Amino acid sequence: MTADNDVPPIVEMRGITIRFPGVLALDGVDFTLRPGEVHSLMGENGAGKSTLIKALTGVYSIDSGTIVVGGERRAFATAADAQEAGISTVYQEVNLCENLTVGENVMLGHEPRVGGVIDWRATHEAATHHLDSLGLRIDPRSRLSSHSIAIQQLVAISRAMVLESKVLVLDEPTSSLDRGEVERLFDVIRGLRDKGVAILFVSHFLEQVYEISDRITVLRNGALVGEHPIAELPRDALVTKMIGRELDDLATLSSSAHRDIDRTGTPVVKASGLGKRGILEPADLEVYPGEVVGLAGLLGSGRTELVRLLYGADRADEGSMEIHGQHAKVHSPRHAIDHRIAFSSENRREEGLVPDLTVAENIVLGMQARQGWVRRLGKAESDAVVHGWIEALGVRPANPHALVGNLSGGNQQKVLLARWLATAPELLVLDEPTRGIDVGAKADIQRKVSELSADGLAVVFISSELEEVLRLAQRIAVMRDRRKIGELESADVDIDGLIDYIANEGEGSAA
Ligand SMILES: Nc1ncnc2c1ncn2[C@@H]1O[C@H](COP(=O)(O)OP(=O)(O)OP(=O)(O)O)[C@@H](O)[C@H]1O
Ligand SMILES: [Mg+2]
């Protein structure tokens with residue numbers, strides 16, 4: 001732990017207040033960041049974490065309060081101004097230029113020049129050097145958009161290094177990374193911290209927060225709850241401070257994974273040799289009524305690719321599907337909806353949450369698509385459904401008329417889930433449904449999925465959090481290198497066994 005209280009802070013925010021129509025997003029919050037520390041900002045979805053970051057980085061202007069950076073009172077008008085002053089931000093949704101090359105993104109505005117002209121060769125060499133120092137061996141001439149989100153985030157950090165940032169802000173950078181990638185990112189973060197960079201970190205993964213942080217600041221409902229050195233804040237105390245009550249016992253959920261499933265009848269869905277050249281080797285998958293099948297594997301292992309074939313987002317060129325024993329063509333999401341298959345994708349922006357529509361309108365979209373647009377849903381009918389799901393998933397603010405674009409990240413995720421649940425599906429495909437969702441809400445969503453499956457819903461569930469897969473799924477299909485390598489009964493395996501299976505099964509005498 002390198003942070004100590006004698007070092008003068010690099011960032012001091014005092015009494016920060018930000019009001020949006022109808023919401024006091026920040027209520028006189030104090031926050032102090034010191035050089036050489038990793039400081040995590042924790043709180044439920046909607047607590048104000050991203051808003052505090054945006055206040056610091058010039059994205060939002062503050063209604064009152066003061067911001068001091070490096071001993072000087074500042075009010076950045078734009079994110080570029082903040083960056084100029086040494087504050088770099090990496091968001092979950094990467095804020096780089098997708099259509100430029102990796103090297104151009106790293107060096108943008110700092111390209112080596114000869115006689116005023118950019119020296120591209122030197123630019124790419126310099127980029128390679130920076131990428132190398134993060135252990136990232138990729139071609140700087142490759143297009144940024146050709147890389148995974150994980151790589152793009154590391155590229156964004158390389159860029160922060162080029163700018164010699166004194167403050168690095170990471171708002172949920174790990175939510176789409178697998179274990180290995182998180183380790184790599186953490187090595188980079190520790191290296192920067194040891195060089196005196198101040199790091200502000202936000203994540204809903206408690207294990208990660210405890211692994212990397214020196215200090216934690218907790219927000220609740222826009223207000224500061226407290227600032228604590230990590231050693232003085234045990235996990236249960238943190239969770240209690242975040243949600244203002246003790247977390248219900250997650251252990252009661254384990255019954256879902258151990259429930260007996262009757263697999264003698266007809267499966268809701270049966271995929272036989274479903275595959276797509278270059279994308280996924282032919283795979284079989286059956287899901288019975290009331291069953292939760294988890295898909296486990298590393299990022300890029302083919303989990304998402306398999307479920308995209310199931311719900312018709314991509315078209316299989318091999319194999320076939322049966323739904324309730326009947327041959328079925330699911331060649332588009334439209335077909336999936338007709339067959340009562342609902343899906344929540346890992347990418348909420350791509351998958352059509354409409355930011356300019358309200359919470360209610362976004363939820364009703366799915367039902368409306370099922371009904372067909374000809375018969376409009378009755379208002380009373382849709383109001384009842386919308387209220388029911390806002391309540392069940394704890395969407396905050398619990399206001400059906402709020403614009404989705406103004407909701408916090410985690411609450412947008414809940415709205416997306418509500419949309420699909422509202423269609424009363426028979427098969428529900430969930431790709432990382434609890435990504436970006438706080439611990440309390442995560443438990444609520446797990447409980448809901450467990451309840452619905454107990455009532456007969458068939459579920460395919462992808463999560464990078466293996467604990468969550470083991471808690472919810474009765475059966476786990478394991479993927480590696482775009483191939484299904486096997487299936488396990490949850491009852492027969494623990495977390496270490498599952499990790500080992502994912503890494504080593506079928507690799508011969510792998511160590
Ligand atoms: N541009 C905006 N207009 C209106 N309300 C907003 C806007 N931005 C944020 N809010 C509201 O401010 C509050 C804080 O949101 P914020 O995004 O900071 O939460 P968060 O702590 O980052 O949550 P999450 O963990 O879900 O990302 C929420 O009630 C949100 O709906
Ligand atoms: Mg946020």
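**Exercise 1.** Find the backbone N or O atom of Gly46 that lies 2.8 Å from an oxygen atom of ligand 1, then work out how the protein surrounds this ligand.

*Solution.* Before we start: this is a predicted model, where local features need pLDDT of at least 70 and side-chain atom pairs pLDDT 80 or more, while totals for chains, interfaces and linings use all residues. Residues count from 1 along each chain as its sequence is written, chains are lettered from A and ligands numbered from 1 in the order written, and side-chain values use heavy atoms, without hydrogens and water.

Step 1: look for polar contacts (pairs of N or O atoms within 3.5 Å). Besides Gly46, a polar side-chain atom of Ser408 sits 2.7 Å from a ligand oxygen, and a polar backbone atom of Gly409 is 3.4 Å from one.

Step 2: check the cover. Ligand 1 alone exposes 640 Å², and the protein buries 89% of that (Shrake-Rupley method, 1.4 Å probe).

Step 3: find the source of the shell. Helix α1 (49–56) gives the largest share, three residues; helices here are DSSP runs of H or I with at least four residues, strands runs of E with at least two.

**Exercise 2.** Which strands stand at the edges of the open sheet β14-β13-β16-β17?

*Solution.* Step 1: trace the pairing, which is antiparallel; two strands pair if DSSP finds at least two bridges between them. For instance, five bridges join β13 (269–276) to β14.

Step 2: count partners. β14 (280–287) and β17 (326–328) each have a single partner strand, so one side of each lacks a neighbour in the sheet. Those two are the edges.

Technical notes:
Polar contact = N/O pair within 3.5 Å; in protein donor to acceptor, adjacent residues only side chain to side chain.
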